[in-house]
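Reader: I am new to reading protein models, and I would like a careful look at a single part. Could you take one helix and describe it together with its neighbour?

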Amino acid sequence: AMSLVFIAVLATFASQYGGKYSGAVLVDLNNSTYNQAQASDQWSYYQAKSIKQNLYEALRELAPKNGNATNQNLEAFNAKVAKYEADKKAISEEAKKLERQRDQDRLAAQVASRHGSGMATAVSVYQIAIALGSICLVVKRRPLWYISLTLALLATAKAVYVVLT
């Protein structure tokens with residue numbers, strides 16, 4: 001009977017770890033979605049800057065090529081084009097950074113999901129061990145108790161493996 005209590009305590013710990021991993025999956029997927037939305041916003045901002053840059057490039061091409069005022073206009077157009085190009089570079093870097101973070105969050109969610117699945121397997125094996133141990137107490141068959149202990153040992157090995165990897 002004491003071994004069943006001990007197995008039940010181990011099953012409780014495994015169940016708690018499984019819940020922890022499930023929570024981590026949700027948090028990581030939420031962070032991934034948030035970073036994807038932020039990256040999409042950055043790419044939209046990049047497109048807006050691109051459109052403005054293209055507008056000034058077109059105006060520069062259409063501007064008359066002679067006269068002092070025209071040269072000042074060309075310089076102003078060139079400055080605007082250069083400014084938008086620099087802005088686009090910074091925006092692009094930020095968007096790529098957010099996409100890398102999104103990918104890291106997705107990977108973390110996958111790892112946590114695998115851990116949660118492994119812990120769920122351990123909990124199931126613990127439950128089978130408890131059931132066999134309970135049957136053993138009723139029918140007084142010692143081999144069932146050994147099988148129950150063996151299953152508990154396997155479940156413990158699985159739980160430890162999941163925690164350590």
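Author: What follows is a close look at helix α3 and its contact with helix α1. This is a predicted model, in which local features need pLDDT of at least 70 and side-chain atom pairs count only at pLDDT 80 or more, while totals for chains, interfaces and linings use all residues. Residues are numbered from 1 along each chain as its sequence is written, and side-chain values use heavy atoms, with hydrogens and water left out.

Helices here are DSSP runs of H or I with at least four residues, numbered from the N terminus. Helix α3 covers residues 142-164, and because its 23 residues at 1.5 Å a residue (the expected span is 1.5 Å times one less than the number of residues) should span 33 Å, the 33 Å between its end C-alpha atoms agrees. Its buried residues (under 20% relative accessible area, with a 1.4 Å probe and protein chains only) are Ser148, Ala152, Ala155, Ala159 and Val162.

The axes of α3 and of helix α1, residues 2-62, come within 11 Å and cross at roughly 25 degrees, where axes are lines fitted to C-alpha atoms over the stretch in contact and angles run from 0 to 180 degrees between N-to-C directions. The two helices, α1 and α3, are therefore roughly parallel to each other, a term for angles under 35 degrees. In contact (heavy atoms within 4.5 Å), Ser3, Leu4, Ile7, Leu10, Tyr17 and Tyr21 of α1 meet residues of α3 including Trp145, Leu149 and Val163, and also Ser148, Ala152 and Val162, which are named among the buried residues of α3.

Methods. Buried means under 20% relative accessible area, exposed over 50%, partly exposed in between (1.4 Å probe, protein chains only). Angles under 35 degrees count as roughly parallel, over 145 as roughly antiparallel, 65 to 115 as roughly perpendicular and the rest as oblique.
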